[in-house]
Amino acid sequence: MYLETKQLTKKFGGLVAVNNVDFSIEKGKINAIIGPNGAGKSTFFNLISGFHPPTFGQVIFKGTDITTLPANQIAKLGISRTFQTTNLFEQATVLDNVMVGHRLRTESNLFDAIFRTKRLQREDKQCRDKAMEVLTFVGLQNITHKMITNISQEEKKRVAFALALATDPEIIFLDEPAAGVNPDETEGLAELMQKMVDYGLTVCLIEHKMQMVMKLAQKIMVLNYGEKIAEGTPDEIKNNEAVIKAYLGGSAIA
Ligand SMILES: Nc1ncnc2c1ncn2[C@@H]1O[C@H](COP(=O)(O)OP(=O)(O)OP(=O)(O)O)[C@@H](O)[C@H]1O
């Protein structure tokens with residue numbers, strides 16, 4: 001099993017945001033998590049990536065229990081994520097924002113920074129090269145010098161992808177990667193996710209844009225009130241009674 005959760009549970013006071021979820025992510029595929037607002041999708045991501053400790057249950061990655069590891073160590077193992085609203089540095093360039101991602105893989109410290117050591121210079125170059133590589137991958141190689149404040153929403157989404165890619169992940173969790181962009185741009189972002197998988201990465205996304213999920217994902221899990229109510233291929237999910245009832249209020253998925 002590549003990455004799996006066992007009885008994963010998160011309570012916030014009396015609210016059970018994620019309830020006893022067993023799920024496995026398939027390597028080299030596009031996995032998706034869908035469900036109504038407040039179903040526990042982002043919390044599920046936060047538990048896997050170490051941003052919240054679970055109340056109960058386990059996260060196993062390639063046979064290792066990573067449930068209690070801090071977020072930076074989980075990232076070092078190759079698990080990366082984007083956030084629903086990515087906090088980029090608005091007054092810094094695209095390149096500088098993305099260079100931060102690769103710092104995870106470097107070792108320079110305050111001493112190196114004060115004395116501008118050879119190690120710092122070498123690692124600065126390494127971060128710059130990585131940032132250029134991933135910005136080229138996401139199609140932003142021509143706007144690396146622009147300030148974040150001057151780029152479009154869709155370009156910001158691509159910068160968020162690049163930032164996650166700069167950490168050298170093998171699995172990437174994308175929280176609503178196409179929220180707030182138009183249909184053409186959504187199509188472009190879907191192509192980019194497919195490109196990541198073609199390149200050998202594993203993708204897991206949360207998305208409300210159902211047409212995109214049904215077209216793109218190979219495996220889908222549906223959460224409702226924190227519980228897994230269905231899991232399967234897009235066709236299986238489309239025809240699942242519990243999903244139609246709970247998630248769509250009775251109408252079929254388009
Ligand atoms: N840090 C927190 N403290 C308290 N309650 C929280 C916290 N984070 C999430 N919740 C609650 O947990 C539940 C699940 O929230 P979550 O954001 O995971 O849902 P979601 O499926 O991602 O929703 P959306 O699609 O609207 O983003 C909600 O009721 C939310 O209010």
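This section describes the domains, the ligand shell, one sheet and two residues of a predicted model.

The chain is divided into two parts, of which domain 1 comprises residues 1-78 together with 169-254, while domain 2 spans residues 86-165. The centres of domain 1 and domain 2, taken over C-alpha atoms, are separated by 27 Å. To the contact between them, domain 1 contributes eleven residues and domain 2 contributes eight residues. On the side of domain 1 that touches domain 2, α2 and α7 (183-198) each supply at least two residues, and by class this side consists of seven nonpolar, two polar and two charged residues.

The ligand is surrounded by Phe12, Leu15, Ala17, Gly35, Asn37, Gly38, Ala39, Gly40, Lys41, Ser42 and Thr43. Two or more residues of this shell are given by each of β2 (15-25) and α1 (41-48), and it is α1 that gives the most, with three residues. In terms of class, the shell around the ligand holds four nonpolar, six polar and one charged residues.

The elements that contribute to the ligand shell also take part in the arrangement around an open sheet. This sheet has four strands in the order β2-β1-β4-β5, with antiparallel pairing. Because β2 and β5 (64-65) stand at the edges, each with a single partner strand, one side of each is left without a neighbour in the sheet. Strand β4 (residues 56-61) is joined to β5 by two bridges, the two strands running antiparallel, and within this pairing the bridge partner of Phe61 is Thr64 in β5. Helix α1 lies across β1 (3-12), β2 and β4, and runs at about 65° to β2. Thus α1 both lies across three strands of the sheet and supplies three residues to the shell around the ligand.

Leu77 is located in the loop between α2 (71-76) and β6 (79-81). This residue counts as partly exposed because it has 16 C-beta neighbours inside 10 Å. When residues up to four places away in sequence are not counted, Leu77 touches Phe61 and Ile66; of these, Phe61 is the residue whose bridge partner in β5 is Thr64. By contrast with these contacts, the C-alpha atoms of Leu77 and Ile244, which lie 167 residues apart along the chain, are separated by 37 Å.

Gly101 has its place in helix α3 (residues 94-102), a helix within the bounds 86-165 given for domain 2. Gly101 counts as buried because 22 C-beta neighbours lie inside 10 Å, a number that meets the cut-off of 20 or more. The buried residues of α3 are Val94, Asn97, Val98, Met99, Gly101 and His102, and the buried residues of this helix pack against α5 (118-137) and α6 (153-165). An α-helix has 3.6 residues a turn, so residues three or four places apart point the same way. With neighbours within four places in sequence left aside, Gly101 is in contact with Leu163, Ala164, Ala166 and Thr167. In addition, Gly101 and Ala131, although 30 residues apart in sequence, are 8.1 Å apart in space from C-alpha to C-alpha.

How values were computed:
Residues are numbered from 1 along each chain as its sequence is written. This is a predicted model: local features need pLDDT of at least 70, side-chain atom pairs count only at pLDDT 80 or more; totals for chains, interfaces and linings use all residues. A residue is buried if 20 or more other C-beta atoms lie within 10 Å of its own, exposed if 12 or fewer, and partly exposed in between; C-beta atoms are placed from the backbone. Two residues are in contact if their C-beta atoms, placed from the backbone, lie within 7 Å. A residue is near a molecule or strand if its C-beta atom, placed from the backbone, lies within 6 Å of it. Ala, Val, Leu, Ile, Met, Phe, Trp, Tyr, Cys and Pro count as nonpolar, Asp, Glu, Lys and Arg as charged, and the others, Gly among them, as polar. Two strands pair if DSSP finds at least two bridges between them. Axes are lines fitted to C-alpha atoms, for helices over the stretch in contact, and angles run from 0 to 180 degrees between N-to-C directions. Domain bounds come from an automatic or database domain assignment.
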